Amino acid sequence: MKTVNYDAIIKSRLSEKRYIHSLNVAKEAVRLAKKYGADEEKAYIAGILHDICKEDSPETQLQIIEKYGITVDEFTLQSTKLYHAKAGAAYVLGELGIEDEDIINAILYHTTARKNMSILETIIYLADYIGEDRNYNGVDEMRTETEKSVLDGMIYALKFTMQDLAGRELVIHPDTFDAYNQYILEKRGS
Ligand code: DGI
Ligand code: FE
Ligand code: FE
């Protein structure tokens, strides 16, 4: 893969706080990639770029999504917080020319998760929850579960997110349910 200074691109597009978050997610993703056997370079790239469109307005995010032909369903359209993952993938594909399907999917599904995630997708999803800058009630347990296995980490993260969303009466995306159900059945069978 060609070497590009993604660090500078992210720094120019995001606030200091979210730039640091992006670096932390990239670092954590590389560590998890080593631990769980994913491609470390892809983990770095997907990690540093995952929130590239996070600080664009919802209108701009939708424009980017449309410009690069990413399709979004009605639940995504109803939840502006979900736009940045789809816009980020569209931007990375369309503006940065990154065509690696696994990297694009890791960015597309980093907020909702989905059924049948690749190892890279799960690593970006988990790294987003446990990067150094994260400091929420439950982050210690989230870190502990992620050290046990990807399965334990995913179940904890999905449970945590669904409880949080339901508590705030927000739409829970069906992809999140699909991921949750898959991992629960997998745990039961293991
Ligand atoms: O972008 P980050 O803040 O680093 O993290 P993220 O991409 O996981 O986004 C978290 C935000 O997305 C948080 O405000 C909750 C929201 N979110 C996550 N899943 C869903 C969701 N919002 C809705 N409405 N539905 C979801 O399924
Ligand atoms: Fe995000
Ligand atoms: Fe993030």
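I started with the surface: about 9600 Å² is accessible on the protein, and carbon and sulfur atoms own 49% of that. Note to self: this is a predicted model.

Next I looked up burial. Of the 190 residues, 49% are buried.

Then the fold. I count eleven helices and zero strands, so the pattern along the sequence is just α-α-α-α-α-α-α-α-α-α-α. I checked the radius of gyration too: 16 Å, close to the 16 Å from the globule rule for 190 residues, so the protein is as compact as a globular protein of that length. The C-alpha trace spans about 40 × 35 × 30 Å along its principal axes. For contacts with a separation of 6 or more, I find that 61% join residues 24 or more positions apart.

Charges: I get 23 positive and 32 negative side chains, with the centres of the two sets 3 Å apart.

On to the metal. What coordinates the iron ion (ligand 3)? I find His21 (NE2), His50 (NE2), Asp51 (OD) and Asp128 (OD), at 2.2 to 2.3 Å. The donor spacing in sequence reads H-x28-H-D-x76-D. His21 sits in helix 2 (residues 16-36), while His50 is in the loop between helix 3 (40-49) and helix 4 (58-67), so this pair ties together parts 29 residues apart in sequence.

Are the two histidines buried or exposed? His21 is buried, at 2% relative accessibility, and His50 is buried as well, at 0%.

Last entry: I traced Asp51 further and found that it bridges the iron ion (ligand 3) and the iron ion (ligand 2), with 3.6 Å between the two ions.

Conventions:
Residues are numbered from 1 along each chain as its sequence is written. Chains are lettered from A and ligands numbered from 1 in the order in which they are written. This is a predicted model: local features need pLDDT of at least 70, side-chain atom pairs count only at pLDDT 80 or more; totals for chains, interfaces and linings use all residues. Side-chain values use heavy atoms; hydrogens and water are left out. Helices (H or I, at least four residues) and strands (E, at least two) are DSSP runs, numbered from the N terminus. The radius of gyration is taken over C-alpha atoms; the globule rule is 2.2 Å times the number of residues to the power 0.38. Buried means under 20% relative accessible area, exposed over 50%, partly exposed in between (1.4 Å probe, protein chains only). Contact means heavy atoms within 4.5 Å. Accessible areas come from the Shrake-Rupley method with a 1.4 Å probe; for residues, only the protein chains shown count as cover. Lys and Arg count as positive and Asp and Glu as negative; His and the chain ends are not counted. The place of a charge is taken as NZ of Lys, CZ of Arg, CG of Asp or CD of Glu. Donors are N, O and S atoms within 2.8 Å of the metal (3.2 Å for Na, K and Ca); water is not among the atoms, so sites may look incomplete.
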